[in-house]
Amino acid sequence: MKKIIFLLIFVVALFFRFYKITQVPLSLNWDETAFGYNAYSVIQTGKDEYGTKLPLEFKSVGDYKCPLFVYFLVPVIKIFGLNEFSIRLLPSLFGAMSVVLFSLLVNDLFGNISLSILSGMLLAISPWHLQFTRAQGDVALGSFFVILGLWSFNKWLKGGRWQIYLSSFSFSLALYSYFSERLFVPVLLLAIAAIYQKEIKKRLKPTIKAFLLGFLLCLPLVFSMLSSGQKGKILMTTIFGYQRPDEYLQKMKREDIFSGIFNLYHNQLVEYGLMVIDHYFNQFSPSFLFVKGPPDDRQKIYGMGMMFWSDVILLVVGMANIWLIKSKKKETALLFSWLAVAPLPAVITRDPVHARRAFEMVYPLMVILALGILGINKWYSRCKSKFRIIPIAVFLTIFFWSFGYYLLSYYLLTPLRTYQGPSGWQYGYKQLVEFVSPLKDKYNQVVIDTTYQGPYLFFLFYEKYDPAKYQPQAFLVKKDEWSLGEGRGYDNYQFRDIYWPRDRSLPKTLFAGPPERISKKDIDPKQSELLTTIYFPDGKEAFYVVATK
Amino acid sequence: MKARRMNLSIIIFILLFLMSPTPWTLLFNFSRLSKAEINFYKFNSPVFISEINFTRGQIKEAGIAIYGKIFINKFTYFMKDAGQRYLESFDSHFLFTQGDLSIEKSTRNSGPIYWIWLPFLGYGFYLCYKNRSKILVFVLLLPILGILIREEYETFSRLPFIIGMYYIVGLGVTEFFNKKKYYWTKALVLILLVFEYSRFLHYLLLHYPYLVGRY
């Protein structure tokens, strides 16, 4: 019976992760295309797009991506080809497997089958989990290996032998999957070591062996972390590289009567410390969890936060019912350590709130929600009032409304609002490639504007351009040291900003750019011709494709 | 003994509230705020209506108009907005970091509650829950007042809630300081409180006047 239930959870998780997988989100974003093209490049040449042999960090647009997802994509692309389905297959599959594994982990930890099934079912339909396991694969992969590591560690604790090595291996793979895991996993392991110190001391030898195995596996990573690219990335994204604006500092100095006051209240320790605390609690704020979600288009679901509205009730009731698992002190400590540690990667970055970097929060939250359901059930069975059905009916109405709203928002309303630009889903590039690619040989140059960022990746991806031919031409142009780069171009393609007053005089050139770059009224029919307009899903103009004579 | 502790916690609660940023900021801008109008929440807000119509139009175009009627209507929008306004009161941005969105009701440098009180707030909630105190339910109901006012994150309508939160902080502080150990932690809490309080006063007296155009 248990097996059938877990199978059912897996099927539900699979359904929600694979339904319309290539259509929603609307299009691949530049991260997905970069992962895909680099995997394709590895298949064809054994090198990344820049010609580095089997790298441990993929330079890509200058963000030095983690390697594991790229290497996992290699067999998938080999079988299914370089397309949307191949890129999204793995996150969905690993996401669905995470759901079942998490359910098993909860069962092993708390020995409560109802809690385990409810946690699994809630995770299977969790908007937060679905958001990052239907697309943007590296998160899903990293998270799966964290769950696998925890599950196998717990199996070992309960008398297993080899599972500690599997745990060590899994945690190591998590570090190769996604950046956030590089902070989350070590801190979580420290917490685990503190919680289970007695058990670990009793079986010190295998623990040391497993630790050494993990250390050896992660050693190459340590070296790659020391590369200048990684250092740059850390400085670019975290608060460690953040400098307060000069105007702000000057203003504060001017207003403070003497420098002692300024040094006391506006020193880096105080201001950055407050920023870190603020970021940490933002991750738990109702606005993020239930109301608005993160500001980033690629992470958000229109009209709601990362959880259902009904989860507000479950969260409060769940917290009030923690006593249901109080006999499992260590496991409860693990659960809360997990929840406390999970936001850390998001906290040290500059964004005030981040659903992707704090993705690991979703798991312990699901257990608390499941406890909420158990608590409600307990109350219902004890309550003798004939009106006891009313709060249950209200709760179920809120739940079904929230779930229905989520489906409507995720499949219809969100795509219509998050299609544009690098923080969104970069819609329009596929259509642009399909139009431009057959025409490119007729022109001296093809200039693609970079306003929406990353066009070179989409051209390489959808043209399935031979990596062996691209590698010698690969060159990343960066506007400044803090920004991500753009591929300069290949063959007769140029990827750069279009300045129409100057560029329109270039003969026999094909231009593609947004209306902000190529004004329709400035397209002189004697000089150039508007070949087509590519539209966003809501009918707004995305690209003009203009040819000069 | 219990009554004495209760009295002590009430004194501490009043003291903590008086030290908090809210009364100071409101007093600072008293003359302006006393003339301010109260804007009550409107069920038929034109912003609502236009958003509902726009979203419904998109749903209709997708050929599932019935879903639009079920999920996007005035009642659901109002309920969502009411829920949002209720939860705003618990937002860390409102409580600890920035407070009211209006520059006249908050210095924007700290919320109504100092960060240092956060653990005591948690502890106070735990004590209330443990003792099945009715004050907990009362405090959880108070943010409903915030729904009645049009402005988001509004302080006046949330004053009773803020006072309630300080009562809970007071409970936590009293209980903690009555324990006959943790001397170092107590000293640290006092140092951090002095620092937080002086940081707020420094901001109120030196930077805030520039922000509200008093200089």
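**Exercise 1. The contact between the chains**

Task: State how many residues the contact takes from chain A and from chain B, and which elements of chain A take part.

Solution. The contact takes 22 residues from chain A and 22 residues from chain B, where two residues are in contact if their C-beta atoms, placed from the backbone, lie within 7 Å. On the side of chain A that touches chain B, the elements giving two or more residues are α14 (259-265), α15 (268-282), α16 (286-291) and α21 (389-413) of chain A. Helices are DSSP runs of H or I with at least four residues, strands are runs of E with at least two, and both are numbered from the N terminus. The most is given by α21(A), with 5 residues. Sorted by class, this side of chain A has 15 nonpolar, 4 polar and 3 charged residues. Ala, Val, Leu, Ile, Met, Phe, Trp, Tyr, Cys and Pro count as nonpolar, Asp, Glu, Lys and Arg as charged, and the others, Gly among them, as polar.

The model is predicted: local features need pLDDT of at least 70, and side-chain atom pairs count only at pLDDT 80 or more, while totals for chains, interfaces and linings use all residues. Residues are numbered from 1 along each chain as its sequence is written, and chains are lettered from A and ligands numbered from 1 in the order in which they are written.

**Exercise 2. Two helix pairs of chain A**

Task: Determine how α1(A) lies relative to α4(A), and how α2(A) lies relative to α3(A).

Solution, first pair. The axes of α1 (residues 2-18) and α4 (residues 84-110) of chain A come within 9 Å and cross at roughly 150°. Axes are lines fitted to C-alpha atoms, for helices over the stretch in contact, and angles run from 0 to 180 degrees between N-to-C directions. The helices α1(A) and α4(A) are therefore roughly antiparallel, the term for angles over 145 degrees. Residues making the contact include Phe6(A), Ile9(A) and Phe10(A) of α1(A) and Ser92(A), Gly95(A) and Ala96(A) of α4(A). By class, this contact has 10 nonpolar, 3 polar and 1 charged residues.

Solution, second pair. The axes of α2 (residues 30-45) and α3 (residues 68-80) of chain A come within 8 Å and cross at roughly 70°. Hence α2(A) and α3(A) are roughly perpendicular, a term for angles of 65 to 115 degrees. Among the contact residues are Phe35(A) and Gly36(A) of α2(A), together with Phe69(A) and Val70(A) of α3(A). The class count here is 10 nonpolar, 2 polar and 1 charged residues.

**Exercise 3. A sheet in chain A**

Task: Give the strand order of the open sheet and identify its edge strands.

Solution. The 5 strands of this open sheet in chain A follow the order β4-β1-β5-β7-β6, with mixed pairing; two strands pair if DSSP finds at least two bridges between them. The edge strands, each pairing on one side only, are β4 (493-495) and β6 (528-535) of chain A. From one strand to the next the twist averages 15°. Within the sheet, β1 (residues 445-448) and β5 (residues 509-513) of chain A pair in the parallel sense over 4 bridges. Opposite Gln445(A) stands Thr509(A) in β5(A).

**Exercise 4. Chain B as a whole**

Task: Describe the elements, extent and burial of chain B.

Solution. Chain B has 11 helices and 0 strands. Along the principal axes, its C-alpha atoms fill a box of roughly 70 × 50 × 25 Å. Of the 215 residues in chain B, 31% are buried, meaning that 20 or more other C-beta atoms lie within 10 Å of the residue's own, with C-beta atoms placed from the backbone.

Notes. Angles under 35 degrees count as roughly parallel, over 145 as roughly antiparallel, 65 to 115 as roughly perpendicular and the rest as oblique. A residue is buried if 20 or more other C-beta atoms lie within 10 Å of its own, exposed if 12 or fewer, and partly exposed in between; C-beta atoms are placed from the backbone.
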